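User: Hello! I am new to this structure and would like to get to know it step by step. Could you show it to me and then take my questions?

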Amino acid sequence: MLEKIKSPEDVRKLSLQELIALAPDIRKRIIEVTARNGGHIGPSLGVTDLTIALLKVFNPLEDRIIWDVGHQSYAYKILTERNERFDTLRQMNGISGFNNIFESRYDAFGAGHSSTSISASLGITVAKELKNRDGRTIAVIGDGALTAGIAFEALNHTGHLHKDMIVILNDNNMSISKNVGALQAYLTNILVSRSYNAVKAKVWDLFQHFPGRIKRRMIAVAQKFEENLINFFVPNVIFEDLGFKYVGPVDGHNIPRLVRIFHKVKRNMVGPVMIHVVTKKGKGYEFAEANAPKFHGLGPFEVSTGECISKKEISYSRFMGDTLCRLAKNNKKIVAITAAMAEGTGLVDFSQKFPSRFFDVGIAEQHAVTFAGGLAIEGMKPFVAIYSTFLQRALDQVIHDIALQKLPVVFCLDRGGIVGEDGATHHGAFDLSYLNFIPNMIVMAPSNAMEFELMLKFGAGYQDGPVAIRYPRGTALLCDRKGSKLKTGCFEIVNPGSKLALLGIGNAFNDAEAIFKKIKTDFPELNPYLIDARFLKPLDVNFLFKTAASLDLIFTFEDNSLIGGFGSSVQAMLTNSPVKVHSFGYPDQFIPHGSIPALKKKFKLNPEQIYRKIKPILAEL
Ligand SMILES: Cc1ncc(C[n+]2csc(CCOP(=O)(O)OP(=O)(O)O)c2C)c(N)n1
């Protein structure tokens, strides 16, 4: 079937039976490609039927379909003229793992961070009306994404404006792990509403006594009736009270039924409509159905077994979780907070060992930070583990609620630096910059696991204000070098030298060290300083003013945007001294997707490339 589909127009021409037959083909394609390239397989398999039904009824060039996060849009990509390129998913210059308006005219709004779809859809709806343009706008948002403040803000505004707009709530009861919160409990309540299910069970039982053909016809009639009947039994007041017409719950894997409902809504809508669709994450691939958190998003895996191909090394995330468990054992004040990322941030063990001191707040980074503030002001020691890219969303809370009040919250910023295949929306390339300007903040970055442990311990003991530790994605580096005791605002001098210094922060220190080794081999007469900066803030004023100012040349290394980061701080401090500072980091642009080595190469930031660049300068020296 899939071979026949060149564009969404072809989907619109298919009969219901053909639509049903198309679904397994798409699922097969998604499984094959994600097994090779990694990616968000579970969410995409879950909405394959929903996507087909949407494209049967709506025309994505006249109407607008906005996928929240965009991680579930693989079937949509396949059906909107990207099947041929789908093999390049998440690879350098290939198809993005999320929606991207520069990739396709069918992608109505870019995403990667969650919960933006209703706001964007409302903007599009209003703009269309102002321009007198036809077409429906459809936001598809997951139950997990609905936990974020911005989604509530958008529902509030949509209900108020009362424009014709469709919100599809894709309810699979899961965020990455099990979804949390009172709203989720409410949604579950809708699904298991006892009176409704009791009536339904009795009716279906009754049908079993009829002969085959009559039974089938009665079931068809009952299904239609059920869509209306359900509203009598189900407590749907929240969405209705917010100004939406509520439709559902609807089986998200029943394509004919979805098509029927979409047609009906399209024809009859007045004001905003919420269609509550129930799906199964990972639908159609047994391993993904059985283990939704693992198959939410993962690296390459073996299709026949569902086993991951990469080696099982301890990641920085896991190392953080393990260390925090050890610290929390002896320090009852430590609490851990995640915003729907317990797996990703390595906190699953912590959640099991210290359930009363673990909080998954849902996709609610802003709330996570201010909630930590409340805990801290009462004397607790909160560790907030959030990916660097997602903390961007809570910048004001970090400034206004935490730093301004000098609250001793520890921010564990996972996935600092570039993250690879997830691309521009997920790289943590700005955190050194956006934390750098905040007064009262201590900002550290470890170059290896041992350093990381020292920093986590430092954070646990520090009471005078907030501490941020940013660390990269990937394997926690073990290292023979025993670091000296951590002192606030002191660089670690790994090799004392003269004339020249290599200053690296965090993961980039390892690049500095590799370059240092090359210099020692090629220029035995040179003895550069090798510095593991440890602290972005406060910087080591002592070293910079006393020692560095008398050097000829300094190279700084960071896996962060050059603007406002480590190198720019060092340069600013040394403006009045004759020493020359060359900084290596990411340029002022959004870094695309691709493997980390490929991206470093593209930006000429791997140690070999940097070395080649600085060699002539060294020769002069
Ligand atoms: C602001 C933000 N925080 C965290 C994430 C990481 N994240 C990606 S998808 C996801 C779960 C989304 O759940 P849901 O909306 O129910 O969609 P599903 O994956 O279940 O289809 C999370 C937490 C994100 N993309 N954006």
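Analyst: Happy to help; what follows is a set of short questions and answers about this predicted model.

User: Which domains does the assignment give for the chain?

Analyst: The domain assignment lists domain 1 with two segments, 2-182 and 251-290. After that come domain 2 (316-470) and domain 3 (492-620). The answer is therefore domain 1, domain 2 and domain 3 by the domain assignment, whose bounds come from an automatic or database source.

User: Which element gives the largest share of the side of domain 2 that touches domain 3?

Analyst: The C-alpha centres of domain 2 and domain 3 lie 26 Å apart. Their contact takes 24 residues from domain 2 and 29 residues from domain 3. On the side of domain 2, the elements that give two or more residues are helix 19 (431-436) and strand 10 (442-444). The largest share, four residues, comes from helix 19.

User: How many residues of that side of domain 2 are nonpolar, polar and charged?

Analyst: The side in question is the one that touches domain 3. Its residues divide into 11 nonpolar, eight polar and five charged.

User: Which residues come nearest to the ligand?

Analyst: The shell around the ligand draws at least three residues from each of domain 1 (2-182 + 251-290) and domain 2 (316-470). By kind, the shell divides into 10 nonpolar, 11 polar and four charged residues. Of the 25 residues around the ligand, those that come nearest are P43, S114, G142, G144 and A145.

User: Which helix gives the most to the largest nonpolar core?

Analyst: This core has 164 residues, and A368, V384, I386, L502 and L503 touch the most other members. Leaving aside neighbours within four places in sequence, A368 is in contact with I337, A339, V361, V384, I386 and A394. Another core, of eight residues, lies apart from it, with I418, V419, A429 and I591 among them. As for the largest core, the helix that gives the most, with eight residues, is helix 2 (residues 16-37).

User: Why is strand 2 (residues 137-142) largely enclosed by the rest of the structure?

Analyst: Look at the two directions in which its residues point: T137, A139 and I141 go one way, while I138, V140 and G142 go the other way, and all are buried. Strand 2 is largely enclosed because the number of its residues that are buried is six of the six.

User: Which residue of strand 3 is the bridge partner of I138?

Analyst: Strand 2 pairs with strand 1 (residues 64-67) in the parallel sense over four bridges, and there I66 has A139 as its bridge partner. Five bridges join strand 2 to strand 3 (residues 166-171), and these two also run parallel. In strand 3, the partner of I138 is I166.

User: How many residues of helix 4 (residues 48-57) are buried?

Analyst: Those buried in helix 4 include T48, D49 and K56, along with L50, L54 and V57. Helix 4 is largely enclosed by the rest of the structure because the buried count is 10 of the 10.

User: Which strand is joined to strand 14 (residues 529-532) by four bridges?

Analyst: Both faces of strand 14 are covered, with Y529 and I531 buried on one side and L530 and D532 buried on the other. Three bridges join strand 14 to strand 12 (residues 492-495), which runs antiparallel to it, and N495 has L530 as its bridge partner there. A501 is the bridge partner of Y529. The strand joined by four bridges, running parallel, is strand 13 (residues 500-504).

User: Where is P538, which is joined to K537 by a cis peptide bond?

Analyst: Most peptide bonds are trans. A cis bond joins K537 and P538, with omega about -5°. Another cis bond runs from G248 to P249, with omega near -5°, and P249 is in strand 4 (residues 245-251). The place of P538 is the loop between strand 15 (535-537) and helix 22 (541-547).

User: Is N440 buried, partly exposed or exposed?

Analyst: N440 has a positive phi of about 70° although it is not a glycine, whereas most residues other than glycine have a negative phi. N440 lies in the loop between helix 19 and strand 10. Because it has 15 C-beta neighbours inside 10 Å, N440 counts as partly exposed.

Definitions and conventions:
Residues numbered from 1 in each chain as written. Predicted model: local features only at pLDDT ≥ 70, side-chain atom pairs only at ≥ 80, totals over all residues. Contact = placed C-beta atoms within 7 Å. Nonpolar A, V, L, I, M, F, W, Y, C, P; charged D, E, K, R; others polar. Near = placed C-beta within 6 Å. Core = buried A, V, L, I, M, F, W, Y, C linked by C-beta atoms within 7 Å. Buried ≥ 20, exposed ≤ 12 C-beta atoms within 10 Å, placed from the backbone. Pairing = 2+ DSSP bridges.
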